Amino acid sequence: PFAHVSPEFRRPLADMVAALIERLGFQIIMVTQEREYVEVADEAYSFTLTMEDEIPTTNFRSLKEAAA
C-alpha cells in the first residue's frame, strides 16, 4: 500500500502504522519487499516458488525465527 513512499520516510511510516495497529487493536496483512516494514512486523514470512518434479511448489519460512 506504500509503494511510492520515499526511502527516508519508510521507517517513520512503518512506526506510525505499528502504533495505530496497537492503539486500535486490529491486524494488517501486507505484502512488501521493503525491510523497514518487515522490521516492525510482529510476524514476517519469506515465500519462494520452486519446481519439484515439474510441480510448482510454494515454500515459506518465518523471517523472525530465522533471525533468532
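This is a short tour of a predicted model, stop by stop, with something to select at each one.

**Stop 1: the whole chain**

Start with the protein chain in cartoon view. You should find 3 helices and 2 strands, and if you trace along the sequence they come in the order α-α-β-β-α. The radius of gyration is 15 Å, well over the 11 Å that the globule rule gives for 68 residues, so the chain is more spread out than a compact globule. Turn it around and picture a box: the C-alpha atoms fill one of roughly 45 × 25 × 25 Å along the principal axes.

Now switch on the surface. The protein chain exposes about 5900 Å², with carbon and sulfur atoms supplying 56% of that. Buried residues make up 13% of the 68 in the chain. If you colour by charge, look for 6 positive and 12 negative charges, whose mean positions sit 9 Å apart.

**Stop 2: R10 and E34**

Next, pick out the salt bridges, which number 4. Select R10 and E34 and show their side chains: they meet in one of these, at 2.9 Å from N to O. R10 belongs to helix α1 (residues 7-24) and E34 to the loop between α1 and α2, so this pair ties together parts that are 24 residues apart in sequence. How covered is each partner? R10 counts as buried at 15% relative accessibility, while E34, at 27%, counts as partly exposed.

**Stop 3: the network around E39**

Add R11 and E39 to your selection. Their side chains form a salt bridge too, 2.7 Å from N to O. The pair links distant parts of the chain, with R11 in helix α1 and E39 in helix α2, 28 residues apart. R11 is partly exposed, with a relative accessible area of 35%, and E39 is also partly exposed, at 40% relative accessibility.

Keep E39 on screen and bring in R35. These two form a salt bridge as well, their closest N and O atoms being 3.1 Å apart. Both lie in helix α2, 4 residues apart, or about one turn of the helix. R35 itself counts as exposed at 53%. Select D15 too, and you have the whole group: R11, D15, R35 and E39 are linked in a network of salt bridges.

**Stop 4: E36**

Stay in helix α2 (residues 35-39) and select E36. Which side chain of opposite charge is nearest to this buried residue? It is R35, 4.0 Å away, yet E36 has no salt bridge. Beyond its neighbours within four places in sequence, E36 is in contact with P7, R10, R11 and A14.

**Stop 5: A44**

Move along to A44, in the loop between α2 and β1 (45-52). It counts as buried at 7% relative accessibility. Show what surrounds it: leaving aside neighbours within four places in sequence, A44 is in contact with V38, R61, S62, L63 and K64. A44 and R61 are 17 residues apart in sequence and 8.5 Å apart from C-alpha to C-alpha.

**Stop 6: D53 and E54**

Finish at the loop between β1 and β2 (55-62), where D53 is found along with E54. Check the backbone angles here. Most residues other than glycine have a negative phi. For D53, though, phi is near 55 degrees, a positive value, and for E54 it is near 65 degrees, also positive. Are these two buried or exposed? D53 counts as exposed at 74% relative accessibility, and E54 is exposed with a relative accessible area of 74%.

Terms used
Residues are numbered from 1 along each chain as its sequence is written. This is a predicted model: local features need pLDDT of at least 70, side-chain atom pairs count only at pLDDT 80 or more; totals for chains, interfaces and linings use all residues. Side-chain values use heavy atoms; hydrogens and water are left out. The radius of gyration is taken over C-alpha atoms; the globule rule is 2.2 Å times the number of residues to the power 0.38. Buried means under 20% relative accessible area, exposed over 50%, partly exposed in between (1.4 Å probe, protein chains only). Accessible areas come from the Shrake-Rupley method with a 1.4 Å probe; for residues, only the protein chains shown count as cover. Lys and Arg count as positive and Asp and Glu as negative; His and the chain ends are not counted. The place of a charge is taken as NZ of Lys, CZ of Arg, CG of Asp or CD of Glu. Contact means heavy atoms within 4.5 Å.
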